[in-house]
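Colleague: Got a minute to walk me through this one? I'd like to start with the charged pairs.
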Amino acid sequence: MTAAVAAIAPPRRPPAKVRLGAEIAWTTLRVRRLVHRNDLPTALDRCRATAARPAPAPSRDDVVRISRAVRRTIGLLPGDSRGLVASLVLIAVLGRRGVGASLVVGRPRNGFGAHAWVEVGGLPALPAAKDKFAHLVAL
C-alpha cells in the first residue's frame with residue numbers, strides 16, 4: 001500500500017472488534033424479539049441460557065470494554081434499545097464468556113421513571129453515579 005492510499009483509506013478494525021460488533025448486533029435483534037414475545041423473567045432466563053465458552057473469565061477491564069462496545073454498537077442500530085434491552089444484550093454477551101451478571105432495576109432519586117443496568121460481582125458493568133438511582137430489584 002502506498003503512502004497516498006494509506007492516507008486516504010480508513011483504518012481497518014481488527015477482526016476481534018468486527019466479530020464483537022456483529023455478535024452485539026445479532027444479540028440485540030434476538031433480545032428485542034425476546035422482550036416483545038415474553039415477560040421479563042423469561043427473557044432474562046433465555047439471555048442467561050447462552051452457552052459459555054470454556055475460557056478464563058474476563059477481567060474487570062474486559063467487562064468494562066465489552067460494556068462500552070455494547071453501548072456504542074447499540075447506539076448505531078436503528079430503534080430504541082437503551083436501558084432494559086441494552087442490559088439484556090450485555091448479560092447475554094457476558095454470559096457467552098462465562099461471566100455471571102445481575103440485572104438491576106432502579107428509579108431516579110429525584111423524579112419519576114426507571115432505569116436498568118448490569119452489575120458484575122456487585123459492581124456496575126459501566127462506571128456510574130451509584131447515588132443517582134435507588135435500587136428497586138436485582139434479578
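Modeller: Sure. The structure holds 3 salt bridges, each being a side-chain nitrogen of Lys or Arg within 4 Å of a carboxyl oxygen of Asp or Glu. Keep in mind that this is a predicted model, where local features need pLDDT of at least 70 and side-chain atom pairs count only at pLDDT 80 or more, while totals for chains, interfaces and linings use all residues. Residues are numbered from 1 along each chain as its sequence is written, and side-chain values use heavy atoms, with hydrogens and water left out.

Colleague: OK, which side chain does Glu 23 meet in a salt bridge at 2.8 Å?
Modeller: That's Arg 96, with the 2.8 Å taken from N to O. The pair links distant parts of the chain, as Glu 23 sits in helix 2 and Arg 96 in helix 5, 73 residues apart. Helices here are DSSP runs of H or I with at least four residues, strands are runs of E with at least two, and both are numbered from the N terminus.

Colleague: And is Glu 23 buried or exposed?
Modeller: Glu 23 counts as buried because its relative accessibility is 17%. The cut-offs are under 20% relative accessible area for buried, over 50% for exposed and partly exposed in between, using a 1.4 Å probe and protein chains only.

Colleague: What about Arg 97, where does that one sit?
Modeller: Arg 97 is in the loop between helix 5 and strand 1 (102–108), 74 residues from Glu 23 in helix 2. Their side chains meet in a salt bridge too, at 2.7 Å from N to O, and both residues are buried.

Colleague: That leaves Arg 65. How far along helix 4 is its partner Asp 62?
Modeller: They are 3 residues apart in helix 4, so about one helical turn separates them. The N to O distance in that salt bridge is 4.0 Å. Arg 65 counts as partly exposed because its relative accessibility is 46%, and Asp 62 does so at 30%. Back to the other pairs: shared partners join Glu 23, Arg 96 and Arg 97 into one network.

Colleague: Does anything else touch that network? What is Thr 27 in contact with?
Modeller: Outside four places in sequence, Thr 27 is in contact (heavy atoms within 4.5 Å) with Val 89, Ala 92, Val 93 and Arg 96. Thr 27 is in helix 2, and its relative accessible area is 0%, so Thr 27 is buried. Its side chain also makes a polar contact of 3.1 Å with that of Arg 96. A polar contact is a pair of N or O atoms within 3.5 Å; within protein, one must be able to donate a hydrogen and the other to accept it, and residues adjacent in sequence count only if both atoms are side-chain atoms.

Colleague: How many residues of helix 5 are buried?
Modeller: 12 of its 13, so to speak a mostly covered helix. The buried ones pack against helix 2, helix 3 (40–48), helix 4, strand 1 and strand 2. Just after helix 5, Gly 98 takes a positive phi of about 80°.

Colleague: Switching to helix 4, what covers its buried residues?
Modeller: The cover includes helix 2 (15–37), helix 5 (84–96) and strand 2 (115–120). Among the buried residues of helix 4 are Val 63, Ile 66, Val 70 and Ile 74.

Colleague: Last one: where does Leu 139 lie?
Modeller: In the segment after strand 4 (133–138). Leu 139 counts as partly exposed because its relative accessibility is 38%.
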